[in-house]
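User: Please take a close look at one helix of this chain and at how the helix is covered by the rest of the fold. I would like a connected account that sets this part in its wider context.

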Amino acid sequence: MTPYIIDNDYSADSLRWIKKYEEIDIKSNDKNNKILEKLQNEIIETNDCALAYFFCTESDYKHYRMQKVIFDNKDAKYAFIFAQNIPNSDIKSLQKIVVDSKQIKYICNFACFIKGADLKPLESIILKSISKPKNVKFAHKYLKYVSGANVKKFKEFIMVSKKPRYLFELAKHLTNPKEISKIEDLIIETGSFTYMRLFAEKIKLANIEKIEQVILDS
């Protein structure tokens, strides 16, 4: 049985899949593939992206038919996870669906977690989105998961946010002592002892005595 997704975006659909097909052994050796063909035809008729994806997690049978359901629906949520988990998926076409959707959550996820993603346009979209304070979390995620991210372009947005978790992640990507010191001061200003401690432990240029004194004074 497939280890179904815990992410809230997909949990309801995964339960729907289990309920619908729990009595069918999809991996059974049906010589004529009649069972699989029938299931796929049902999914195509109902135009159901979720079931198209979950079918592919259970069977290697004609993935291209299920991928077409996602193409036809232009479903960003399932375009992302299909690209992530289904072998030999069409990464380029799935990325286009995600980009065209303008849903920054899935655009960022695609950049962070899809091997073979074209990062240049995705990074550009993420940068434009983070002018809105609520979207700075995507800058944090991008820096955390994308090797070679252009830190300079994201730096000011994260520093303005003054979120200790974001600041700590940014500090891990910097080497300039003045910038490190500035981020250290910003984290101290937040009053987050958790991130003060992490900063002292993980950042080589941290002023450990300064952080210790702040904690003691508190």
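Analyst: A residue counts as buried when its relative accessible area is under 20%. By that criterion, 44% of the 218 residues of the chain are buried in this predicted model.

The part chosen for the close look is helix α7, which covers residues 104-113. Eight of the ten residues of α7 are buried, so that the helix is mostly covered, given the cut-off of under 20% for a buried residue. The buried positions are Ile104, Tyr106, Ile107, Cys108, Asn109, Phe110, Ala111 and Cys112. What do these buried residues of α7 pack against? Their partners are five helices: α1 (8-21), α5 (76-85), α6 (91-101), α8 (119-129) and α9 (136-145).

The setting of α7 is a chain built from 14 helices, with zero strands. From the N terminus on, every element in the series is therefore an α element, helices being taken as DSSP runs. The radius of gyration of the chain is 22 Å, well over the 17 Å that the globule rule gives for 218 residues, and the chain is therefore more spread out than a compact globule. The C-alpha trace spans about 75 × 35 × 25 Å along the principal axes. Where contacts join residues at least 6 apart in sequence, 50% of them link residues at least 24 apart. The chain exposes about 12,800 Å², and carbon and sulfur atoms supply 50% of that area.

Elsewhere in the chain, helix α4 offers two further points of detail. The first concerns its pairing with another helix. In general, two packed helices are described by the angle between their axes and the distance between the axes. The axes of α2 (residues 34-46) and α4 (residues 63-73) come within 10 Å and cross at roughly 10 degrees. Because angles under 35 degrees count as roughly parallel, α2 is roughly parallel to α4. On the α2 side, the contact is formed by Glu37, Gln40, Asn41, Ile43 and Ile44, which meet Arg65, Met66 and Val69 of α4. By class, the residues of this contact divide into four nonpolar, two polar and two charged.

The second point is His63, which also lies in α4. Is His63 buried or exposed? With a relative accessible area of 15%, His63 is buried, because this value falls under the 20% cut-off. Leaving aside neighbours within four places in sequence, His63 is in contact with Cys56, Phe82, Ile86 and Pro87.

Note on methods. Residues are numbered from 1 along each chain as its sequence is written. This is a predicted model: local features need pLDDT of at least 70, side-chain atom pairs count only at pLDDT 80 or more; totals for chains, interfaces and linings use all residues. Side-chain values use heavy atoms; hydrogens and water are left out. Buried means under 20% relative accessible area, exposed over 50%, partly exposed in between (1.4 Å probe, protein chains only). Helices (H or I, at least four residues) and strands (E, at least two) are DSSP runs, numbered from the N terminus. Contact means heavy atoms within 4.5 Å. Axes are lines fitted to C-alpha atoms, for helices over the stretch in contact, and angles run from 0 to 180 degrees between N-to-C directions. Angles under 35 degrees count as roughly parallel, over 145 as roughly antiparallel, 65 to 115 as roughly perpendicular and the rest as oblique. Ala, Val, Leu, Ile, Met, Phe, Trp, Tyr, Cys and Pro count as nonpolar, Asp, Glu, Lys and Arg as charged, and the others, Gly among them, as polar. The radius of gyration is taken over C-alpha atoms; the globule rule is 2.2 Å times the number of residues to the power 0.38. Accessible areas come from the Shrake-Rupley method with a 1.4 Å probe; for residues, only the protein chains shown count as cover.
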